[in-house]
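I opened my notebook and pulled up the model to see what I could read from it. Here it is, before my notes start.

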Amino acid sequence: MPPKAKITKDMVVDTAFEIARETGAENINARTVSKKLNCSTQPVMYHFATIEELKRAAYEKTGEYHTQYLMNIPETQEAIMLGIGLNYIRFAIKEPNLFRFLFQSGFAAENSLLEMINFEELTPVIFALQQEINRDTEQTKEAFIILAMFVHGYASIMANHSFEYDENLITVHLKRVYTGAMLAIQEEMK
């Protein structure tokens, strides 16, 4: 009889991520993960003392996936921030369970956008915006907050199937908000 396959911690996290993606993070538990891995619950609980710890690990993997998704901007995109904003909304549409896990499940470590803006995961987004608008870090963060609030609102509506996706309309709206944010920053610099 061949030895049983070893279930690694990464396998458990990857499986929990897939469960969150397919059916929602509320369905992550030892039984659902072990069933998908075709093993007993023991390997799952060996790697994670609590389901809360497993969900936290799946949440972190989801955050990394989300950042990669946001930064995958077509080269034809006229503005980086517009591309990131559209990707944020597309993520909510294409991955609604992951979007809700990240932003509507209570797992977010941050309590506010002002705290989140300093998280390491957001560094590539802030850097891309800073390069685009040619402002210092604090001004860039201010612009980001304005844009993020608008984009997150749109994405939340989309993730909850409350609005039909119209990329042309959303693009027009994002351009207006982006222009307004840039004008506000210029005014503050005077």
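These are my entries, going from the whole chain down to one helix.

**Entry 1: what kind of model.** I noted at the start that this is a predicted model.

**Entry 2: secondary structure.** How many helices and strands does the protein chain have? I found 10 helices and 0 strands. Reading along the sequence, I wrote the pattern down as α-α-α-α-α-α-α-α-α-α.

**Entry 3: overall span.** I looked up how far the C-alpha trace reaches along its principal axes, and got about 75 × 35 × 30 Å.

**Entry 4: inside and outside.** The protein chain has 190 residues, and 45% of them are buried. For the accessible surface I got about 11,100 Å², with 53% of that belonging to carbon and sulfur atoms.

**Entry 5: contacts.** I took the contacts with a separation of 6 or more, and 64% of them turned out to join residues 24 or more positions apart.

**Entry 6: charges.** I counted 18 positive and 25 negative side chains in the protein chain. The centres of these two sets lie 8 Å apart.

**Entry 7: helix α5.** I picked α5, residues 80-94, for a check on its span. At 1.5 Å a residue, its 15 residues should span 21 Å, and the end C-alpha atoms are 20 Å apart, so the two agree.

Why do I call α5 largely enclosed by the rest of the structure? Because 12 of its 15 residues are buried. Among the buried ones I listed Met-81, Leu-82, Ile-84, Leu-86 and Phe-91. Gly-83 and Gly-85 are buried too, and so are Asn-87, Tyr-88 and Arg-90.

Conventions
Residues numbered from 1 in each chain as written. Predicted model: local features only at pLDDT ≥ 70, side-chain atom pairs only at ≥ 80, totals over all residues. Heavy atoms only, no water. Helix = DSSP H or I, 4+ residues; strand = E, 2+ residues; numbered from the N terminus. Buried < 20%, exposed > 50% of the residue type's maximum accessible area, 1.4 Å probe, protein only. Contact = heavy atoms within 4.5 Å. Areas by Shrake-Rupley, 256 points an atom, 1.4 Å probe, with all protein chains shown as cover. Lys, Arg positive; Asp, Glu negative; His and termini not counted. Charge placed at Lys NZ, Arg CZ, Asp CG, Glu CD. Expected span 1.5 Å × (residues − 1).
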